[in-house]
Amino acid sequence: MAMEINGELHANAPRPGQCLRTFLREEGMLGVKKGCDGGDCGACTVHVDGEPVHSCIYPAVRADGRSVTTIEGLAGTVPGQEGLHPVQQQFLDAQGFQCGFCSAGMIMTAATFSEEQKQDLPRNLKGNLCRCTGYRAIEDAVLGRDGGGCSHPADAACALDPEPGAQSGPRAAGADTPAPAAPAVVTGTARYTLDVPAEQLPGLLHLKLARSPHAHARIRAIDTSAALAVPGVVAVFTHRDAPAQLFSTAQHELYTDDPDDTRVLDDVVRFKGQRVAAVVAGTVAAAEAGVRALKVDYEVLPAVFAPEAALAPGAPLLHADKPAASRIAAPERNIVAEVHTEIGDVAAALAAADVVHEQTYTTQRVQHVALETHAAIAWTEPDGTLTVRSSTQVPFLVRRSLARIFDLPAGQVRVTAGRVGGGFGGKQEVLTEDIVALAALKLGRPVQLELTRSEQFRATTTRHPFSIRVRAGARRDGTLAALAVEVTANTGAYGNHGPGVMFHGCGESIAVYRCPAKKVDARSVYTNTVPAGAFRGYGLSQMIFAVESALDELARRLDLDPLEFKRRNMVGDGDAMLSLHAEPEADVHYGSYGLDQCVELVRTALERGRERGADGRELGPDWLIGEGTALSMIDTVPPRGHFAHSIIALVPEGYRLDVGTAEFGNGTTTVHTQLAAEALGTSPAAVQVRQSDTALTEHDSGAFGSTGTVVAGKATLLAAQELAALLRSFASEVSGVPAEQCVPSEAGVDCAGNLLDFGRLAAAAAERGTQLAAEGRWGGTPRSVAFNVHGFRVAVHSGTGELAILQSVQAADAGVVVNPRQCRGQIEGGIAQALGAALYEEVLIDDGGTVTTDILRQYHIPTFADVPRSEVYFARTSDSLGPLGAKSMSESPFNPVAPALANALRDATGIRFSTLPLARDRIYLALKAAGRVPEPLSLVASEAEQVRGCVDVPAV
Amino acid sequence: MDLNTIEAVVPTADPARWRPGDAWLAGGTVLFSYGSDTLRRLLDLGRAGWEPVTVSDDGIDLAATCTIATLYRLPDSPGLAGRWPALELVRPCCDSFVASFKIWNMSTVGGNICTSLPAGPMTSLCAGLDGVAAILSPDGTRRALPVAQLVTGDGSNVLEPGELLRSIRLPAHALAARTAFRRLSLSNLGRSGVLLIGRLDAGGGFVLTVTASTKRPVQLRFGAAAAPGPRDLAEALDAAIEPALYHDDIHGLPAWRRDMTYRLAEEIRAELLSERSA
């Protein structure tokens, strides 16, 4: 047995049932990624004898005697090629990635394309899934375009277009700076969570979880003897081994924001798929065998799956055993959180309104599907420090939670993240770290847990399903008179982010409108289903779907243009933003206001689209055409504090910047180098970033709530500005030139024309025993607001329900755009992810509580073929609170997409779709119920001939 | 994914060697995709050496191990497409795989049929062309069965434990026919929710094969003298497909699949029979 890998003979033999993917990784090819392990996502694509294959479903034994090429060896396949393969170079040039977890597979696939295949990327790239980019950047990379600039047509304009007469000199902020990790991403050498070379973790053990087959049960006993007898099994841990400390898997700056209702391992299981026990073994295979050998005796308890049933008197209670200290609003009613508020008099306002719309809107369970599954490795250092390397957005909060759960001093816990393969909110949780920590602490050996794609679906978190009854009233003059929502969110078996999602969802979605009467009745309810958690938008996407649909409907009933109706009623600069309180949030301000510009940008873009002919006029009579829009607002920072700490130091090579925030494709790292470079008068390349390691900086609340730029970036900017001042005085001291003539510059400090370069400054500092370093801190308050407006023109086939997007437009107020290419990418990616959630994604749970859509063939996420290109526009504003005028722009592009699409559907069909997703089958059935489905012509004609007036024609 | 319970890979195509806990390994794309925690051995057909495609005057034999990539190239064989116009169906059927062209380098015609998913496009193709499966049994016997009858439901088929699908014969009369192809999915290039193939044979017979929308293939046959009108076709569908036979999963609601079946069937009828009725 031998195969050639990247030109070298490898003599090791794979195991009989091993797939090529894991064999290649064992042979050190860590660029080969696992996204699904089922042949769907293409992240593991390699070449076998030159042909591209998905190595996760390629029997490794079949590679015997063959030649395998991985991303690490791709450049070597081009004779005479130095450095990168041309396709790697193209991905570098176009920045055809965000988190980069899919990039190796994308590049390996595209590298095999003929010119003919490049002409049909929807077909030829449908086996490579990207969750971050929306595929536009990938298309540019595959086709060798540069991927920069604005996305809008030449006849349009936005804030990114260079101002006439503006200086075009290179500035660090405002440039399309490439990601520092780009060269590592395109060569497969970027190190994600589990890409740790085996020699660095001697004695590594693997952990597999036994999971509950019951939706609700008490564990009477667990017989571990057979499992422990499995060769290779080292230990089995059950609830008897787990700390009694209750905690929440949700992670926030204040842990008291989330209910303490979870144990590392519990003696009661509350959803199918919950952890029951952990088996640790020398190999994954032995751990799996150990799991199968466990004998668990369950006392099955009654279960409840729908919020309405959970709220009913006599319903099974999930957390009745919890103390008041768990902060559960009403465990005796299965309610984890609730809020009831009213501003003005809604009943009177509705009674006085000229039109009232009342409708219940529902949103489904969707999953993040970050391409890198949850994974963590834990070990103890010789000094006893527990160290955890995890796929997390919140390393510092994970450290705090681990310290709390295991009763350790925070100084004895270190948490790090490598490059993270996508997050979308899913990694603002402790879902793996606690159990590997438990095992590592007990065993004193490194322990790794890698979730499978099916475990992601069955046992991590989803977006909260919402049911939202809206009552909205308006006056004939186009004034919004009343807006009331009754919200029931399904938080699943554990509270996690339930309270936060409920509050946040009901915030900006309602506060964006001026309205004298507003009412919110909301609750988040426990059920025996997979827990819901943080998801891009954090409750807003669900609420905005309902509110934006309802206001669209009001406008149509008043015979007003819906966007014009919204424009009249939306907040203007300085207006109080009110939702849950009669007084505005004290620390939320209009750092800048660009909502009016966004509305206008979308309106005019749709107009131009009509003029260009993107109006479906070439389609046949079966196609119904419509336009729809929706707007959205988001606070740029979560409430109640969000902290960041950055340290920047001059080193002989330039600057070394230590930040807490994690990089998972959000592009934060790039922005930090730009912000620091701007303050220090140098180029971003001179700034080397180290990050997401609790040993490097004091604290960071984490990369959630779109804070990577506006909070962590602000800390970095403050640190860099302080260092710049320090450098001036230090350079003055060294050079004798007055400080005001010492200016930090590209390669050091320019002292009246003489350069003191980084090396000399570092040497001089060392001689004097001085530290050329500065720190920056930011507490996340005051906060600003950012805006996104989306517009669609769609065509709906009345005979099949097919929905085609003719034009997609989004305008964003991101303040000053620090990195236009990245920011555009965030918006394009948000649109694509939102389209999946709007059109077909749904985690289905059967009557017994089992998740039935647990592989990517059942849970379809948008492929290259599914995502239209969107026009992206930026409002011209500069935020007074954000770093260099920037605002957040990562969650929010998701939020207006589904309602804009539903409103376009309404415009096309006359039907109000109130349930997501807007799948073709549901659209068709709604059209049919409304009598909008035409008979096929042949049937009508021939029946008329043959039956002459007989109306008994079978419906088609 | 790794199949961690597999203890041996045995290169063989002899059903007599099959024992409980064994699985036939063709392309491996299904076994390694779904995984298993019960299988003990893989019986590897990779070295069986079966000729992927055999052309004769009687038709085309596709070995079960013929890869989708090989099948996709078949219509390019010199003279073949002109001789057998029904080969037009090959590419749209291959393109109906939700899996990418890369998977086609590994996955096989036989593997897709034996997986027996309603949306299996090789089931659609072979059933639509009256393909007949040759099945080898562990006791050394051999039997033949139409592919349309081999698949009996969502993931179920008539194969007994240890039986091996050896090949599929596509008969000349079907290959010589005029055909029509229709397909719908809830997403662009996604999994088929409805896949219909129509065939007008040289003798004038009309055959409609319904797949993807139903749990198993359903065929309607009309003799040359009984070419259906729209209403005949709809009534035949009523009679052939009871409501419970429409497949229900995330790739399409049964009510939509039903209506789309009628719609596409009528489109196919109109395409293939309109000249005759005119």
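## A three-stranded sheet in chain A

In this predicted model, strand β26 (residues 748-751) of chain A pairs with β27(A) through four bridges, and the two run in the antiparallel sense. Within this pairing, A:Cys751 has A:Asn754 of β27(A) as its bridge partner. Both strands belong to an open sheet of three strands, ordered β25-β26-β27 (chain A), with antiparallel pairing. The edge positions are taken by β25 (742-745) and β27 (754-757) of chain A; each has a single partner strand, so one side of each is left without a neighbour in the sheet. From one strand to the next, the twist averages 30 degrees.

Which helices lie across strands of this sheet? Helix α22 (residues 712-735) of chain A lies across β25, β26 and β27 of chain A, and its direction is at about 120 degrees to β25(A). Helix α23 (residues 758-768) of chain A lies across β26 and β27 of chain A, at about 65 degrees to β27(A).

## The largest nonpolar core

Helix α22(A) appears again in the interior of the model. The largest nonpolar core has 394 residues, and the members that touch the most others are A:Ile107, A:Val279, A:Val280, A:Val436, A:Ala439 and A:Leu901. The largest share of this core, eleven residues, comes from α22(A).

One of these members, A:Leu901, may serve as an example. Residues up to four places away in sequence are not counted here; beyond them, A:Leu901 touches A:Gly628, A:Phe792, A:Val794, A:Ala838 and A:Leu918.

## A seven-stranded sheet in chain A

Chain A also contains an open sheet of seven strands in the order β8-β10-β6-β17-β14-β15-β16, with mixed pairing. Why is one side of β8 (233-237) and of β16 (413-416) of chain A left without a neighbour in the sheet? These strands stand at the edges, and each has a single partner strand, so one side of each has no neighbour there. The twist averages 20 degrees from one strand to the next.

Within this sheet, strand β14 (residues 375-380) of chain A is joined to strand β15 (residues 386-390) of chain A by five bridges, and the two run antiparallel. A:Ile377 stands opposite A:Arg389 in β15(A). Helix α9 (residues 284-293) of chain A packs on the sheet, where it touches β6 (205-211), β8 and β10 (275-281) of chain A; its direction makes about 25 degrees with that of β6(A). Helix α13 (residues 433-443) of chain A lies across β6, β8, β10, β14, β15 and β17 (447-450) of chain A, and runs at about 25 degrees to β14(A).

## Strand β13 of chain B and its partners

In chain B, strand β13 (residues 206-211) is mostly covered, with six of its six residues buried. Both faces of β13(B) are covered: one side carries B:Phe206, B:Leu208 and B:Val210, and the other carries B:Val207, B:Thr209 and B:Thr211.

Strand β12 (residues 192-200) of chain B runs antiparallel to β13(B), and six bridges join them. One of the matched pairs is B:Leu195 with B:Thr211 of β13(B). The hairpin of β12(B) and β13(B) has five residues between the strands, and B:Gly204 takes a positive phi near 100 degrees in it. β13(B) also pairs with strand β14 (residues 218-222) of chain B, in the antiparallel sense and over five bridges. There, B:Val207 stands opposite B:Arg221 in β14(B). The hairpin of β13(B) and β14(B) has six residues between the strands, and B:Ala212 takes a positive phi near 70 degrees.

## Where the two chains meet

How many residues does each chain give to the contact? Chain B gives 47 residues and chain A gives 56 residues. On the side of chain B that touches chain A, the elements that give two or more residues are β1 (8-11), α1 (31-34), α5 (101-104), α10 (230-240) and α11 (254-277) of chain B. The largest share, eight residues, comes from α11(B). By type, the residues on this side divide into 25 nonpolar, 13 polar and nine charged.

B:Ser33 lies in helix α1 of chain B. Is B:Ser33 buried or exposed? B:Ser33 is buried because 23 other C-beta atoms lie within 10 Å, and 20 or more suffice for that class. Apart from neighbours within four places in sequence, B:Ser33 is in contact with A:Gly38, A:Gly39 and A:Ile57.

## An annotated region of chain B

The UniProt annotation "domain: FAD-binding PCMH-type", from an unreviewed entry, covers residues 1-175 of chain B. In the model, this span is 27% helix and 25% strand, and its end C-alpha atoms lie 38 Å apart.

Note on methods:
Residues are numbered from 1 along each chain as its sequence is written. Chains are lettered from A and ligands numbered from 1 in the order in which they are written. This is a predicted model: local features need pLDDT of at least 70, side-chain atom pairs count only at pLDDT 80 or more; totals for chains, interfaces and linings use all residues. Two residues are in contact if their C-beta atoms, placed from the backbone, lie within 7 Å. Ala, Val, Leu, Ile, Met, Phe, Trp, Tyr, Cys and Pro count as nonpolar, Asp, Glu, Lys and Arg as charged, and the others, Gly among them, as polar. Two strands pair if DSSP finds at least two bridges between them. Axes are lines fitted to C-alpha atoms, for helices over the stretch in contact, and angles run from 0 to 180 degrees between N-to-C directions. A nonpolar core is a set of buried Ala, Val, Leu, Ile, Met, Phe, Trp, Tyr and Cys residues joined through C-beta atoms within 7 Å. A residue is buried if 20 or more other C-beta atoms lie within 10 Å of its own, exposed if 12 or fewer, and partly exposed in between; C-beta atoms are placed from the backbone. UniProt positions are given in the numbering used here, feature names are shortened, and annotations may be inferred rather than shown by experiment.
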